[in-house]
Amino acid sequence: MSGHFASDSLVLLGRSLRHITRSLDTIITTTITPIVLLLLFTYVFGGAINTGAESYVTYLLPGILLITIASGIAYTAFRLFLDLKTGIFERFQSMPIARSAVLWAHVLTSVIANLISVAVVVLVAFAMGFRTSAGPLAWLAVLGMLVLFTLALTWIAVIPGLTAKSADGASAFSYPLVFLPFVSSAFVPTTTMPGPVRAFAEHQPVTSIVNTIRDLFAERPAGTGIWTALAWCVGILVVAYVFANVIYRRKIS
């Protein structure tokens, strides 16, 4: 096995990015759904939802960004599945490269592709009236939170990418993740929900992450919520990373 993990990962990252540039419909597809939701909820339902003083598009955007990422990671599982089924993994094993670089190339590709999609959604939100008083440090904190969330979900995506029996099965796992923000504070305040639903919404990861990003955009003190959001992201990331690597080692052994 090669000791040049970083250089091997960069070479394989270039390969994955070239695949994306040859099929831009991947990014376009994962961006359209969040934009449609942003338009639908802002212009159709937004007038009936009271979220306080801020405009509904400003309230809505953090949740839409998480949906954008959840939609995008399905393609990571799909591309990983194709590499596994077409024998690319076996070909890489016969070469003097770091084995973990294969997975990290897919993960880093996911981060880059999802950040592009997120940037497009943010630009659309600005055109729709999204406004923020956040300064450079707050924007960097939002970016860091989104990258951490993307890494956590991407390592989850690696698991079905390695274990699925079909291409549809590899990408279908993301559906629950896409719908999870609907039972959170992403679209409406949790105080408007009935008891059991409210209890679930207030104690699942999306709510704490959405509230943290919302506070950062508004330059409000995030309080303990930011630590809860970070704990969720890091915890999911560590567990998913360990399971994904155990499965990967069994696949290539």
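Contact here means heavy atoms within 4.5 Å. The structure is a predicted model.

**Overall fold**

The protein has 11 helices and 0 strands. Along the sequence the pattern reads α-α-α-α-α-α-α-α-α-α-α. There are 253 residues in the protein, and 50% of them count as buried. Taking contacts between residues at least 6 apart in sequence, 81% join residues at least 24 apart.

**The end of α10 and the loop that follows**

Asp215 belongs to helix α10, which covers residues 205-217. Asp215 counts as buried because its relative accessibility is 15%, and buried means under 20%. With neighbours within four places in sequence left aside, Asp215 is in contact with Arg220, Pro221 and Ala222.

The loop between α10 and α11 (225-252) holds Glu219. Phi of Glu219 is near 55°, which is a positive value in a residue other than glycine. Gly223 is also placed in the loop between α10 and α11. From Gly223 to Thr212 the C-alpha distance is 8.7 Å, and the two residues are 11 apart in sequence. Glu219 is partly exposed because its relative accessible area is 44%, and Gly223 is partly exposed because its value is 49%; the partly exposed class lies between the limits of 20% and 50%.

**Met193**

Met193 sits in the loop between α8 (174-179) and α9 (195-202). Is Met193 buried or exposed? Met193 counts as buried, because its relative accessibility is 13%, and the limit for buried is under 20%. Leaving out neighbours within four places in sequence, the contacts of Met193 are Ser184, Val188, Arg198 and Ala201. Val183 is 10 residues from Met193 along the chain, and their C-alpha atoms are separated by 9.2 Å.

The table gives the accessibility of the four residues described so far.

| Residue | Relative accessibility | Class |
|---|---|---|
| Met193 | 13% | buried |
| Asp215 | 15% | buried |
| Glu219 | 44% | partly exposed |
| Gly223 | 49% | partly exposed |

**Packing of α3 against α6**

Helices α3 and α6 (residues 136-163) pack at an angle of about 35°, and their axes are 8 Å apart. Their crossing is right-handed. On the α3 side the contact is made by Leu65, Leu66, Ile69, Ala70, Ile73, Thr76, Ala77, Leu80, Phe81 and Leu84. These residues meet Leu146, Phe149, Thr150, Leu153, Thr154, Ala157, Val158, Pro160, Gly161 and Leu162 of α6. By class, the residues of this contact are 16 nonpolar, 4 polar and no charged.

**The largest pocket**

Rolling a probe the size of a water molecule over the atoms shows where empty space is left. The largest pocket contains about 220 Å³ of space. Which residues line the largest pocket? The lining consists of Thr29, Thr30, Thr33, Ser71, Ala74, Tyr75, Phe78, Ser171, Ser174, Tyr175 and Val178.

At least two lining residues come from each of α2 (25-45), α3 (56-85) and α8. Helix α3 gives the most to the lining, with 4 residues. Helix α3 thus takes part both in the lining of the largest pocket and in the packing with α6. The lining has 5 nonpolar, 6 polar and no charged residues.

Methods:
Residues numbered from 1 in each chain as written. Predicted model: local features only at pLDDT ≥ 70, side-chain atom pairs only at ≥ 80, totals over all residues. Heavy atoms only, no water. Buried < 20%, exposed > 50% of the residue type's maximum accessible area, 1.4 Å probe, protein only. 1 Å grid on protein atoms, 1.4 Å probe; cavity = no way out; pocket = protein on both sides within 12 Å on 5 of 7 lines; lining within 4 Å. Points joined across faces, edges and corners; volume = space filled by probe spheres on them. Nonpolar A, V, L, I, M, F, W, Y, C, P; charged D, E, K, R; others polar. Axes fitted to C-alpha atoms, helices over the stretch in contact; angles between N-to-C directions. Left-handed = near helix turned anticlockwise from the far one by under 90°.
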